[in-house]
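Let's take a walk through this model together. Have the sequence and the 3D view ready, and we will go from the meeting of two chains down to a single residue.

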Amino acid sequence: MTLIYPRESNIAHPPRLFPGYKSTPKRSPQKPLILMRQTLSELTGPVYGHETVRPGDHDLTTQHKGEPLGERIIVHGHVRDEAGRGVPNTLLEIWQANACGRYIHVVDQHPAPLDPNFTGAGRAQTDADGYYRFVTIKPGAYPWGNHPNAWRPAHIHFSVFGHAFVSRLVTQMYFPGDPLFEFDPIFNSVPDEKARLRLVSNFDLANTKPDWALCYRFDIVLRGRDATPMETK
Amino acid sequence: MADQVILGLTPSQTVGPYFAYGLTPGGKYAWNDAFSNDLVTPDAAGDRIRVVGQVFDGDGAVVPDAMLEIWQADAQGRYANPRDTRALPNASFKGFGRCGADANGGFSFDTVKPGVVPDPDGKPQAPHILLTVFARGMLLHLYTRIYFGDEAELNAADPVLALVPAERRATLIARRDPDSATYRFDVHLQGDDETVFFDI
């Protein structure tokens, strides 16, 4: 199987300059990016074994002496390539605010309490079919300084690798029905509505654990598709 | 060929300002690092080098909340990935590193100097390291390449550098310290010295 990585797939991504998100104007290039053919350097990428993910790293509710406060949830999904094939054994890293909307990061000064039983970081590897699963608590919304009365919708940050260096993805998973969507420049930086909605997880009643946790499903699609017969010539 | 269903990609979102405790905790948080900025493994042959630099924004201010990742071949020019089907002499050399910028936007990687890698036509590419830059304020990461100032001959024949306007090529060349195996490669996200980034 030889995957190809057409550049046009990148149309799903936000532009690098999006003035509504006020940190972008000074951190986006103004000169044209240079088009180049992908070489072996771009078409390969890191491969990690099971040693990268320790047992329990996928469960953010059991990393401390006590249980974190908040609404316990399961977040799971399927990591696929553009041709719909599961991406096996790939690494996912997540980080998030606690139930009150406070990050443990030293720079976060939002006056909401930290939770001594919650760090907010997790790691998992997809299985042989490309599925992953985390257990965590639902993060809270929080204010930020982008514009007056700016609040980020509740989200979980995801970092995913895939088959090649060009399939690397860092993104954010949102929760369905959040009233803050229409006011959030980061969410709305994705120009196409269908693409934007791919950032929103689905409530997954079938996979809730009765009397224990609700479940959200977040499927991820990474770059990489089959070469068409024309292109393999 | 029309039968293939193509799924739309999951869009990128910014890494934000708070990634450090999850991605680059460095002993400061109750979490361990999956990756390091030291790529050198005991069996890694080749010249040990250090690549250092700083990340700057369009005002020339340092970017302390950036994360940098590198991907490179070993000293023989082989990638530790199944798509590179050539023999891999350094079985434990992974070729991937990650570094969170410090308060001065600074980063460093300890690694080995990569070897020559073929381009799609089989022509040699000059030794290079791929670099991705993530930061608050970046909705999508940027790709660039680190080339080496002491490889003038190979650089002059490199097919990717040849695509870059001559006056901008210097932004892709790491300068070797005359007294040590340390190369300096600064990243300018914007401005007169803007680093060349690639659309791949």
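How many salt bridges does the rule find across the interface of chain A and chain B? There are eight of them in this predicted model. You can pick out one in the viewer: the side chains of Lys26(A) and Asp59(B) meet in a salt bridge, with 3.1 Å from N to O. Across that interface, 46 residue pairs are also in polar contact, with both residues at pLDDT 80 or more. On the side of chain A that touches chain B, strand β10 (residues 169–174) gives the most, with five residues. Sorted by class, this side of chain A has 46 nonpolar, 29 polar and 22 charged residues.

Now step back to the whole contact, which takes 97 residues from chain A and 82 residues from chain B. The area buried between the two chains is about 7,800 Å², and carbon and sulfur atoms give 59% of that. In chain A, the residues that lose the most area to chain B are Arg27(A), Ile34(A) and Phe165(A), together 12% of what that side buries.

The chains also pair through strands. Strand β2 (residues 34–35) of chain A runs parallel to strand β12 (residues 198–199) of chain B, and two bridges join them. Here Leu35(A) stands opposite Asp199(B).

Finally, look within chain B at Thr24(B), in the loop between α1 (20–23) and β1 (48–56). Is Thr24(B) buried or exposed? Thr24(B) counts as buried because its relative accessibility is 16%, under the 20% cut-off. Beyond its neighbours within four places in sequence, Thr24(B) is in contact with residues including Phe19(B), Asp33(B) and Met67(B).

Technical notes: Residues numbered from 1 in each chain as written. Chains lettered and ligands numbered in written order. Predicted model: local features only at pLDDT ≥ 70, side-chain atom pairs only at ≥ 80, totals over all residues. Heavy atoms only, no water. Helix = DSSP H or I, 4+ residues; strand = E, 2+ residues; numbered from the N terminus. Buried < 20%, exposed > 50% of the residue type's maximum accessible area, 1.4 Å probe, protein only. Contact = heavy atoms within 4.5 Å. Buried area = accessible area lost by both parts, 1.4 Å probe. Salt bridge = Lys/Arg side-chain N within 4 Å of Asp/Glu carboxyl O. Polar contact = N/O pair within 3.5 Å; in protein donor to acceptor, adjacent residues only side chain to side chain. Nonpolar A, V, L, I, M, F, W, Y, C, P; charged D, E, K, R; others polar. Pairing = 2+ DSSP bridges.
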